[in-house]
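Trainee: I am new to this structure. Can you take me through it in short steps?

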Amino acid sequence: MPRPTGRVLTLLELLQSGGTRTVAELADRLGVEGRTVRRYVGQLIDLDVPVESVRGRYGGYRLAPGYRLPPLMLSDDEALAVLLGLIAGRRAGLTTTQHTANETASAKIRRVLPKHIARRLDTLLEALAFTDRPGEFDTPDAGVLLTIADAVRHRRPVSIRYTDRDGRPSERTLHAYGIVAHAGRWYVTGKDAQIGEDRTFRLDRIADARTLPGSFEAPVGPAPAQRVLSGFATAGYRHEVTLRIHGTVEQIRAHLPVSVASLEEHEHEHEPAAGEDRATERWLRVELRAERLDWLPPVLAAIDRPFVIERPDELRDLVIALADRLTSCARRA
């Protein structure tokens, strides 16, 4: 039979699962009478756990926000899920405060894990391999991240101090639409109020953020993630490339995703018939920008669909050179 202390901890775990629990439900789960449940609740309150009583027909007890975090009760699977999430987040760069909070949280949880759970975790980590190499990412400031998130939630302008990739500092007023995590980095997308145009900013390059008075209307159109990916595809780079490829959207997107290229119907191609879908092969105009062109010929070969290079001529020369190399190699005995 569980001891009273064990039942009190079980009560805490039940309350931490969320919602309001009736006295009858708690008594049934703990195997005690209602008055004993009330006594256990009193013991939790004495330990500064913020338990509040809810009156009415569907009343009972629930956890309220307190001035400090109450003791957490994690099951075996929950502990493994939290630690794996911290490990994956650190590896992907989706952490704040230079990994410090991530590492200290992991250490605290591991320190109190039962030995059999710690052994299971160590066994899993020994067997786990990643297909990518861990990157060194510049993480955003937690205060900046939370301030901008609040501005997004309440549609309030925010003033930011930003340093661009060339090291130029500036102060901007941003109407932030959303925060997006992509390829190990945090971004915020929104309207730059000074120029009246949509922009995407890396959060780790924002040194300070302050919420301003006022509000703005959320725009209609693409979601924040789509805006960020489209912004990558149209960003200014050394080369502007325009192609026509005959194929399906899926065939092209498998090699040139939204973050790399934009697609549209070729102006000389017939208008899509009613009911025509993304699986229909047709001529599509592909536009992208790149600092280098040497990666594109192998991509076009991998798509394996008819294509026409509209610009630049340098890309046409690189494709011909690749074709010559492949032909020469194929003819070798």
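Mentor: Start with a term: a residue counts as exposed when its relative accessible area is over 50%, as buried when that area is under 20%, and as partly exposed in between. Keep in mind that this is a predicted model.

Trainee: Is Arg292 buried or exposed?
Mentor: Arg292 has a relative accessible area of 53%. The cut-off for this class is over 50%. Therefore Arg292 is exposed.

Trainee: Which residue forms a salt bridge with Arg292?
Mentor: The closest N and O atoms of this salt bridge are 2.3 Å apart. The partner is partly exposed, at 41% relative accessibility. The partner of Arg292 is Asp294.

Trainee: Which residues are joined into one network by salt bridges that share partners?
Mentor: The structure holds 17 salt bridges. Some of them share partners, and these build one network. Its members are Arg244, Glu264, Arg285 and Glu310.

Trainee: How many residues apart in sequence are the parts tied together by Glu281 and Arg305?
Mentor: The side chains of Glu281 and Arg305 meet in a salt bridge of 2.7 Å, N to O. Glu281 lies in the loop between strands E9 and E10, and Arg305 in the loop between helix H10 and strand E11. So the pair ties together parts separated in sequence by 24 residues.

Trainee: What is the angle between the planes of Tyr162 and Phe201?
Mentor: The structure holds one aromatic pair. Tyr162 and Phe201 form it, edge-to-face, 4.9 Å centre to centre. Both residues are buried. The angle between their planes is 75°.

Trainee: Which strands hold Tyr162 and Phe201?
Mentor: The pair ties together parts that are 39 residues apart in sequence, because its residues lie in two strands. Tyr162 is in E3, residues 158–163, and Phe201 is in E6, residues 197–202. The strands are E3 and E6.

Trainee: Which residue stands opposite Val51?
Mentor: Strands E1 (residues 51–54) and E2 (residues 60–63) run antiparallel, and four bridges join them. Their hairpin has five residues between the strands, and Gly56 takes a positive phi near 110° there. Opposite Val51, in E2, stands Leu63.

Trainee: Which residues make the nonpolar surface patch of about 230 Å²?
Mentor: One member sits in helix H6, residues 115–127. That member, Leu124, is partly exposed, with a relative accessible area of 33%. The patch is made by Leu124, Leu128 and Phe130.

Trainee: What percentage of the residues in the chain is buried?
Mentor: The chain has eleven helices and eleven strands. It has 333 residues. The buried share is 33%.

Definitions and conventions: Residues are numbered from 1 along each chain as its sequence is written. This is a predicted model: local features need pLDDT of at least 70, side-chain atom pairs count only at pLDDT 80 or more; totals for chains, interfaces and linings use all residues. Side-chain values use heavy atoms; hydrogens and water are left out. Two strands pair if DSSP finds at least two bridges between them. Buried means under 20% relative accessible area, exposed over 50%, partly exposed in between (1.4 Å probe, protein chains only). Patches are made of residues with over 30% relative accessible area and no salt bridge: like charges are joined within 9 Å, nonpolar side chains (Val, Leu, Ile, Met, Phe, Trp, Tyr) within 5 Å. Accessible areas come from the Shrake-Rupley method with a 1.4 Å probe; for residues, only the protein chains shown count as cover. A salt bridge is a side-chain nitrogen of Lys or Arg within 4 Å of a carboxyl oxygen of Asp or Glu. Rings of Phe, Tyr and Trp (its six-membered ring) pair if their centres lie within 6.5 Å; planes under 30 degrees apart count as stacked, over 60 as edge-to-face and the rest as tilted.
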